[in-house]
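Good morning, and thank you for making time for this short presentation. Please look at the sequence and the structure while I take you through the charged residues, the cores and a few buried positions.

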Amino acid sequence: MIVRWGLDGLGPLLEELEVERALLVTSSRFAALEVPVADRFTAVRTHAPIDVVEAATEAAADADGLVGLGGGSAIDTAKAVSAASGLPLVAVPTTYAGSEWTSYFGMRDEARRAKTGGSGARTVAVVYEPELTLGLPREESVGTALNALAHCAEALYAGPLEAASVGARLISTQLPLVVADGRALAARTRLLEGAMHAGMALAERGLFLAHAMAQALGGRYGVSHGAMNAICLAPALRFNAAVVPDAVAAFAEALAVEDAAAEVEALARLGGFSRLRDFGVPEEDLSDLADVTAARPAARANPRAASPGDIEALLRSVW
């Protein structure tokens, strides 16, 4: 993966990649951003709905490359287009999700109210521009950073991994500074570095139970993936500690605390994230959500087997 820092490097990078007709895939927020592209698709929506992905794929018919710019939904939409078209993708993330490091992507089937996805994206480069994160609201900053932190925690289940530990340390130390002053460029830069390491850890190790719960919730209700990870990570850590105590201890060490789950809860509260009920999740849905979660690949890959009953108990603990 080619990594560059600074948006001014995007043009030379596209030349280096011999991309002459790049399509920008982004949301309306960045529709007018000055970038060296031939065309623009600016209709990205949260959770990358399937119909939006299809429209973006059609828009890429005359392109010879893609620039996916924005948060996780923009990057996922661009990755889905890349997989469908075979076009190379340059990702320019403006949040801390870290999804730019994987070939797989999530989408939302709005008719079925479910998260789906695929793989095969040809992401060839990432350009990080911290200044694009300066306007990110507190809730998105905290939510996407906690999503990245979940990548770090889950990566450690399979053993020590420097990227996961470095990412966790940077995220946990810089996120409070960003919440205190969202215009602090130095803190935003280091937080983006932490997210980059978290993305690298994600690419190497994959997703597990916390993400499975977050995916089920996001698919059902269209709620923020970051917020759901912020709420679901702590109970998943406590559940998994019985079988991977060294991994949870390593995560706590990276956070410089004794109780990793409690620290995750404290960081989540910076964004106002603590209970599922605050996001309109009905208590009567928890049993069905547990069944849906248990069937997801990330739940089946979890280091500790999680039955629907186990998952329902975890969901109830944060409802």
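Glutamate 139 pairs with arginine 138 in a salt bridge, and the closest N and O atoms there are 3.2 Å apart. Please keep in mind that this is a predicted model. Glutamate 139 counts as partly exposed because its relative accessible area is 39%. Arginine 138 is also partly exposed, with a value of 38%.

How many salt bridges does the model hold by this rule? The count comes to 11. In general, side chains of opposite charge can pair when their charged atoms come close.

Another of these pairs joins aspartate 51 to arginine 45, with 3.7 Å between the closest N and O atoms. Aspartate 51 is partly exposed at 43% relative accessible area, and arginine 45 is partly exposed at 36%. This pair belongs to a wider arrangement: Arg45, Asp51 and Glu110 are linked in a network of salt bridges.

The next pair is arginine 21 with aspartate 64, where the closest N and O atoms are 4.0 Å apart. Arginine 21 sits in the loop between helix 1 (10-16) and strand 2 (22-25), while aspartate 64 sits in the loop between helix 2 (50-59) and strand 4 (65-70), so this salt bridge ties together parts that lie 43 residues apart in sequence. Arginine 21 is partly exposed, its relative accessible area being 42%.

I turn now to a charged residue without such a partner. Arginine 188 belongs to helix 6, which covers residues 185-205. Which side chain of opposite charge is nearest to arginine 188, and how far away is it? It is aspartate 181, at 7.7 Å; arginine 188 is buried yet has no salt bridge. What the side chain of arginine 188 does reach is the backbone oxygen of threonine 133, at 3.4 Å. With neighbours within four places in sequence left aside, the contacts of arginine 188 are Tyr96, Thr133, Leu134, Leu136, Ser141, Val178 and Gly182. Threonine 133 thus appears both as the source of that backbone oxygen and in the contact list.

Let me move to the nonpolar cores. The largest one has 78 residues, and those with the most contacts inside it are Leu149, Leu209, Leu217, Leu237, Phe251, Leu276 and Leu315. Helix 8 (residues 225-240) supplies the largest share of this core, with 10 residues. A second core, separate from that one, has 17 residues, among them Phe30, Val92, Val127 and Leu132.

Leucine 315 deserves a closer view. Not counting residues up to four places away in sequence, leucine 315 touches Met213, Leu217, Leu276, Leu286, Leu289 and Ala290. Of these partners, Leu217 and Leu276 are named with leucine 315 among the residues with the most contacts inside the largest core.

Helix 5 offers two buried positions to compare. Alanine 168 lies in this helix, which runs over residues 162-180. Is alanine 168 buried or exposed? Alanine 168 is buried, because its relative accessible area is 0%. Beyond its neighbours within four places in sequence, alanine 168 is in contact with Leu149, Cys152, Phe251, Ala254 and Leu255. For a sense of distance across the model, the C-alpha atoms of alanine 168 and aspartate 288 are separated by 32 Å, and these residues are 120 residues apart along the chain.

Serine 172 is also found in helix 5. Serine 172 counts as buried, with a relative accessible area of 8%. A polar atom of the serine 172 side chain lies 3.1 Å from the backbone oxygen of arginine 169. Once residues up to four places away in sequence are excluded, serine 172 touches Ala254, Leu255 and Leu267. Ala254 and Leu255 therefore appear in the contact lists of both alanine 168 and serine 172.

My last topic is the cysteines. A disulfide is a covalent bond between the sulfur atoms of two cysteines. By the rule applied here, the model has 0 disulfides. Cysteine 152 is in none, and its nearest cysteine sulfur, that of cysteine 232, is 17 Å away. Cysteine 152 counts as buried because its relative accessibility is 0%. Cysteine 232 likewise counts as buried, at 0% relative accessibility.

That concludes my presentation, and I welcome your questions.

Conventions:
Residues numbered from 1 in each chain as written. Predicted model: local features only at pLDDT ≥ 70, side-chain atom pairs only at ≥ 80, totals over all residues. Heavy atoms only, no water. Helix = DSSP H or I, 4+ residues; strand = E, 2+ residues; numbered from the N terminus. Buried < 20%, exposed > 50% of the residue type's maximum accessible area, 1.4 Å probe, protein only. Lys, Arg positive; Asp, Glu negative; His and termini not counted. Polar contact = N/O pair within 3.5 Å; in protein donor to acceptor, adjacent residues only side chain to side chain. Contact = heavy atoms within 4.5 Å. Core = buried A, V, L, I, M, F, W, Y, C linked by side-chain atoms within 4.5 Å. Disulfide = S-S within 2.5 Å.
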